[in-house]
Amino acid sequence: MEFFVDENDRVDGIAKVTGKAKFFAEYEVPGLTYGVLVTSTVTKGKITAIDSKAASNAPGVLAVVSHLNKPSVAGYEQEGGSPMKIFYTDQIFYNGQPLAIVVADTFERATYAATLVQVSYAKEDFNTDFEKSISDSTVKKLQGQTPYKRGIEDAYKTAEVQLEQKYHLPVETHNPMELHGIIADWRPNDQVTVYAKTQGVKATQNTIANVFKIPVDKVQVNSEFVGGAFGMALRTWPLEIATIIASKHLAKPVKLVITRDQMFTMVGNRPASYQKIGIGATKDGKLTGITHTAFGQSATYENFTEGVVNMSKFMYQCENVNTNYYVIPLDMGVPIWMRGPGEATGAFALESAIDEMAHALDMDPLEFRIKNDPEIDQVQKRPFSSKYIKEAYKLGADKIGWNERKNKPGSIVDGAWQIGYGVSVGVFGAGRGRATVKGILKADGSLVLQSAASDIGPGTGTGMTLIASKLMNIPVGKITFELGDSSLPPAPSQGGSATLSTVGSAVNDVCVALKATIVELAANANMDATANFVDVLKKNNLAMIEKTIQSSQNNPEAKNYSMYSFSIHFVQVRVHQLTGVVKVSKIVSVGDAGTIVSPKTARSQMVGGAVGGIGMALTEEALLDHRYGRYINNNFADYHVPVHADVPEIDVIFINKPDLIVNPMGAKGMGEIALIGFSAAVANAVFNATGKRIRTLPITPDKVLEA
Amino acid sequence: MINFQYVRTSVVKTALGLIGKDPKASFIAGGTNLIDLMKRGVTAPDKLIDINYLPLKKIEEIDHVLHVGALASNSELAENMIVKDKFPLLMLALQAGASAQLRNMATVGGNMMQRTRCAYFYDTTMPCNKRAPGSGCGAIGGYNRMHAIFGASEACIAVHPSDMCVALVALDAKVVIAHTKGERKINFIDFHRLAGNTPEKDNNLQKGELIVRLEIPLNNLNKNFHYLKVRDRSSYAFALVSVAAALDIQNNIIHTARLAMGGVAHKPWRLIAAENFLKGKNPTVANFEEAAKIAMNGAKGFGENDFKLKMAPNSIIEALTVAKAKS
């Protein structure tokens, strides 16, 4: 079969669609055995006994490992340390916690044997009810971030026009298509190789080395292809350590792939949240005060905090801003950053409140935003490295047909449907970390780039190849970017929209160094400085040259600027007057993210963010029965991610202007901004269509009907 | 592993003989629900009798009655030309169900036999009188947003999840059931049961019996009809509320009205009183509203599903309005 690819296509596209790309669970390791977890069916308490006799005697079973036959894990013996120590104590922290791993010669036999393990418990009272805990003074609340204050506290209370509202978000789960797990192969020489699903092979390598107290170079982590993660693979979870423990115990390679329902309990979530926003403005529409107080759900055994209130501090021109953020530890699995993370949670509240204020002032919400657009970052008191938000407003508004919108809600009706328009802003830090890339330039005209970076789907290799191709003037087909291997030069984890900026800068630097070497070599051989590198290498009798460069963390100028990526989401919705059904009928997302290095994958990021945003706005909600502490919609039939029929055509517009303060490519990250703010745009559009303000996500038909 | 026997036959009589001999055996056709139930540990048959090779796939019109073999797939039925032409309400209901992939596997008989999607039924650590009689009902006092507003009992408030069955009950279908001594025929409306004190029984099929075909009489309901499914996303979601509506309108008078709802009861819920009200009336919004009010007699919410008390009558009005507007 022939494939037609152009230079902007994903470099791994063919491998992915032909099945050549191998995901962690697909590796064939000789002598592989299969692990299945036994999980807690109570929410809090102690294990009083584990009867594993029947399981151990079941056909094919090799071991049942739990805290009762806990093998020595050197890192667990040290005092303290917050990450849950799996199979270490009899403590139960949440429902669905892994209590034992059953290993057998086949997956089916392990699955069956796991059902034979009988666990006895001493149950204790528990609390999983976030909403109830907010107002319950007996439930502990922890400070999640240092309180912030600029100007007068709660200034909105004395404003000409005031507004105070509460916003609620449920637990959302990442649930990428690929299930989580690991293949662990512990060798007798205390060397371990894992095939992992991770957003950072170096982070995984370090965690494993730390837990088992073995040298880092004894840990090999492979993770070339990842079937989606959205943040849930930003850490090594107890289930991964459990598999390595089992492998060490048995001296055999063990594979664990968890089930879909376990994806709800073992690998984090977007925590439930409750937010209060107070906002004040003058009658002519200048903001005078913003107070943002947020509560997020956390766990009793590990803490989790995120940037829920960050955006409220600087997004709008306002002299008086104060924020506070608390977390409520519950008897649930610990959350983890989910795409857009806390900023997406915060943006739903802030951007809804801004829309509510615009309505109170009888102003167009776009005009209100433009009127309160800040010239500088009021928190750091310095300019933005780049910000083309007014241009983005205009481009998006023109594309969606914003002039069709009526400021009075409920004005546009088409039969049984009401039509409305909404807008919202997203923002996320465009910082950059430090990465090392090795470049090997060969006399056959090819370039190999190596870095222990990750690709959870956005197209890391494609972006890096395009950067190098442009700089080196080498066709993309001649460039290979190797990643997902812990033995390669170090790179940080893929998170916080920083990979292209961080690793891309190192690619840039290594290419610059290779070019300089070629120029030197050309001079040595009395060749022209512009001579083709293939000729230069040949003339010097060199098969290849290598350079390894660690890029600096930042441009020295960067400290004088605040660096952010921005997005504007415009949506049109149709709301059925009798059934309450909401359909997103048009989407225009505008990205202000610097230079677009890889147009196709950048567009895909924005499209994916919009689809995730529809889910966050309209369908996604992980539901717990608080009497039992168990999730009850823990499958893809009942936990609703959007289907194709929920997604209209999505227009993506990029400003595409370089920000050279951030990095030499001029590119800023966009994974997070693709989602941040989107849900508020939908809620604002629903209000514009119906006059009904829904402040609790997701906006399901019953909520619209009952509002 | 939990082992089970697997047998296959292409003869109805043999299939009936096999099931009669083994109280823990189960027929399997498309398997789109049974396999899930086995994987979740909700059910554990010791023998699966594969009936996919029985000669029960035919869809044909005989003497003004549509005969549908129990093993016709949901997709085949939805795409059948007679169904498209003469029973478009059934076509719409079929297309509203599950996903394209599931409809390709799922059979007509299997669709009728599918179990509730109540979360407490599927989680074996939770109480459920339908799965484990006497263990209690998790949904009462728990998560019951998807649950019944009609005919629920203290033992069970689950709903039947089918879309197809809602259209079939509205179309006065009959179910032909085979047993070792012959066949019997019952009205579709009498096939499924209310939960009562025996929620473990979904329907009146007796042990040892097999659904072999449906019979749907021809009617004049192929012009003004609608199947409205209100759900949390546009596809692959169970109904919050669904309505099958069909009207035979002549000279602006409703001669016949058929109305049924899904997602509201332990069985497809036919709205006879509302139909009787509409008979002889003009197809006006005011009359639709009155019919919806009548339809809601006896409805009761359980907290999280109280919204259905509003969504259900609204959906009846909308379905009738769309049905009337068709021409």
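These exercises work through the domains, the chain interface and the salt bridges of a predicted model.

**Exercise 1. Describe how domain 1 of chain A meets domain 2 of chain A.**

Step 1. Set the bounds. The assignment gives domain 1 of chain A as 340–431 + 559–706, and domain 2 as 436–553. Their C-alpha centres lie 37 Å apart.

Step 2. Count the contact residues. Domain 1 of chain A gives 16 residues, and domain 2 of chain A gives 16 residues.

Step 3. Find the area. The two domains of chain A bury about 1,100 Å² between them. Carbon and sulfur atoms carry 60% of it.

Step 4. Look for pairs. The rule finds zero salt bridges across this domain interface. Polar contacts do occur there: four residue pairs, both residues at pLDDT 80 or more.

Step 5. Place the domain 1 side. Strand 19 (417–429) and helix 14 (599–619) of chain A each give two or more residues to it. By class, that side has seven nonpolar, eight polar and one charged residues.

**Exercise 2. Work out what chain B brings to its interface with chain A.**

Step 1. Start with the contact. It takes 32 residues from chain B and 33 residues from chain A.

Step 2. Add the area. About 2,800 Å² is buried between chain B and chain A, with 61% from carbon and sulfur atoms. On the chain B side, B:Met1, B:Arg233 and B:Ser234 lose the most area to chain A. Together they give 24% of what that side buries.

Step 3. Count the pairs. There are two salt bridges across the interface of chain B and chain A. One of them joins B:Arg145 to A:Asp702, at 3.0 Å from N to O. The interface also has 13 residue pairs in polar contact, both residues at pLDDT 80 or more.

Step 4. Map the chain B side. Helix 8 (119–122), strand 9 (224–230) and helix 12 (308–325) of chain B each supply two or more residues. Helix 12 of chain B has the largest share, six residues. The chain B side divides into 16 nonpolar, eight polar and eight charged residues.

**Exercise 3. Sort three salt bridges by setting: A:Asp398 with A:Lys394, B:Asp22 with B:Lys47, and B:Asp202 with B:Arg115.**

Step 1. Get the total. The whole structure has 37 salt bridges over all chains.

Step 2. Take the helix pair. A:Asp398 and A:Lys394 meet at 2.7 Å, N to O. Both lie in helix 10 (residues 389–400) of chain A, four residues apart, about one turn of the helix. Both residues are exposed.

Step 3. Take B:Asp22 and B:Lys47. Their closest N and O atoms are 3.7 Å apart. B:Asp22 sits in the loop between helix 1 (12–21) and strand 2 (25–28) of chain B, and B:Lys47 in strand 3 (residues 47–50), 25 residues apart. Apply the cut-off: buried means under 20% relative accessible area. B:Asp22 has 12%, so it is buried. B:Lys47 has 13%, so it is buried.

Step 4. Take B:Asp202 and B:Arg115. The gap is 2.6 Å, N to O. B:Asp202 is in the loop between strand 7 (182–187) and strand 8 (210–217) of chain B, and B:Arg115 is in the loop between helix 7 (108–113) and helix 8, so the bridge ties together parts 87 residues apart in sequence. B:Asp202 has 10% relative accessibility and therefore counts as buried.

**Exercise 4. Which residues does one network of salt bridges with shared partners join?**

Solution. The network joins A:Asp355, A:Glu356, A:Arg693 and A:Arg695.

Key:
Residues are numbered from 1 along each chain as its sequence is written. Chains are lettered from A and ligands numbered from 1 in the order in which they are written. This is a predicted model: local features need pLDDT of at least 70, side-chain atom pairs count only at pLDDT 80 or more; totals for chains, interfaces and linings use all residues. Side-chain values use heavy atoms; hydrogens and water are left out. Domain bounds come from an automatic or database domain assignment. Contact means heavy atoms within 4.5 Å. Buried area is the accessible area (1.4 Å probe) that two parts lose on being put together, summed over both. A salt bridge is a side-chain nitrogen of Lys or Arg within 4 Å of a carboxyl oxygen of Asp or Glu. A polar contact is a pair of N or O atoms within 3.5 Å; within protein, one must be able to donate a hydrogen and the other to accept it, and residues adjacent in sequence count only if both atoms are side-chain atoms. Ala, Val, Leu, Ile, Met, Phe, Trp, Tyr, Cys and Pro count as nonpolar, Asp, Glu, Lys and Arg as charged, and the others, Gly among them, as polar. Buried means under 20% relative accessible area, exposed over 50%, partly exposed in between (1.4 Å probe, protein chains only).
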